Amino acid sequence: MGSSKKIQDIKVAVDAVIFGYFDKQDLQLLLIKRKIDPFKGGWALPGGLVLDDENLDDAVKRELHEEAGIKPDFLEQLYTFGNVGRDPRNRVISVAYLGLVNPSYHELFADSDAEDAQWFSVNKLPSLAFDHKSIIDIALNRLRTKLQYQPIGFNLLNEEFPFSDLENLYRTIVGREIDRRNFRKKIMSYGLLNETNNVKKEGSGRPGKLFTFNKEKYEELEKEGFYFELK
């Protein structure tokens, strides 16, 4: 005998956890201020319901463009959230995405359901709508784990950067000190950096050489089963 329980009309949404990094600052997170209820005037992750004729990847890219005016440099599916009661309006299952951008190359522009869009330090987040704090916690853990075997952090740096910026970025994200000598040796041994003829002077020390990320080399290594282990 079949169940007599009513089958709910379940809706599908996407939410985007977008991390950014400003020079020598905390890791940043993109949030939007909601223009509509529920949680009107509160801060939340960019996102919304998926349209009937829309793929998930297209939906999250559309929401990011509409609510914050950005296009992430790195974007991948994170996790699916579907606890009962996570949205007071309907039964909503959300497919969350993890993304990385360099804020220097993106000017935020809030529109659609967003009244405002801002970067916040992950260490100083405001009160958040829905279950978005839980989504962020999982995304941050994924980022820290992923960074230790896949050098996606290059997406957060300027096109040209001193090696010290790369070290500081990794140290900031993983939240601990790293073995600088081993880190540099490993990065350079893989051929992931191209040395430029440009330098950057910082403080009273000698000018540091600037590098660029060798994306072609990374893609080649990835196909071969490349594993970047951070110690």
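These legends go with several views of one predicted protein model.

**View 1. The whole chain, with its helices and strands.** Let's start with the overall picture: the protein chain has five helices and 10 strands. Its C-alpha atoms fill a box of roughly 70 × 40 × 30 Å along the principal axes. Of the contacts with a separation of 6 or more, 69% join residues 24 or more positions apart.

**View 2. How confident the prediction is.** The mean pLDDT of the chain is 90, and 95% of the residues reach 70 or more. Among the elements, strand S3 (residues 43-44) has the highest mean, 98, while helix H5 (residues 215-223) has the lowest, 88.

**View 3. The largest nonpolar core.** Here you can look inside a core of 45 residues, where Phe19, Leu166, Phe183 and Ile187 touch the most other members. Several elements give two or more residues to this core, including strands S1 (11-21) and S2 (27-34) and helices H3 (163-174) and H4 (180-189). Another core lies apart from it, with 17 residues, among them Ile18, Leu30, Ile70 and Val101.

**View 4. A close-up of Ile187.** Try finding the partners of Ile187 one by one: beyond its neighbours within four places in sequence, Ile187 contacts Phe154, Phe163, Leu166, Leu192, Leu193 and Phe228.

**View 5. Surface and charges.** Now for the outside: the chain exposes about 13000 Å², with 46% of that supplied by carbon and sulfur atoms. Buried residues make up 45% of the 231 in the chain. The chain carries 34 positive and 37 negative charges, and the mean positions of these two groups are 6 Å apart.

Key
Residues are numbered from 1 along each chain as its sequence is written. This is a predicted model: local features need pLDDT of at least 70, side-chain atom pairs count only at pLDDT 80 or more; totals for chains, interfaces and linings use all residues. Side-chain values use heavy atoms; hydrogens and water are left out. pLDDT is the predictor's confidence in each residue, from 0 to 100. Helices (H or I, at least four residues) and strands (E, at least two) are DSSP runs, numbered from the N terminus. Buried means under 20% relative accessible area, exposed over 50%, partly exposed in between (1.4 Å probe, protein chains only). Contact means heavy atoms within 4.5 Å. Accessible areas come from the Shrake-Rupley method with a 1.4 Å probe; for residues, only the protein chains shown count as cover. Lys and Arg count as positive and Asp and Glu as negative; His and the chain ends are not counted. The place of a charge is taken as NZ of Lys, CZ of Arg, CG of Asp or CD of Glu. A nonpolar core is a set of buried Ala, Val, Leu, Ile, Met, Phe, Trp, Tyr and Cys residues joined through side-chain atoms within 4.5 Å.
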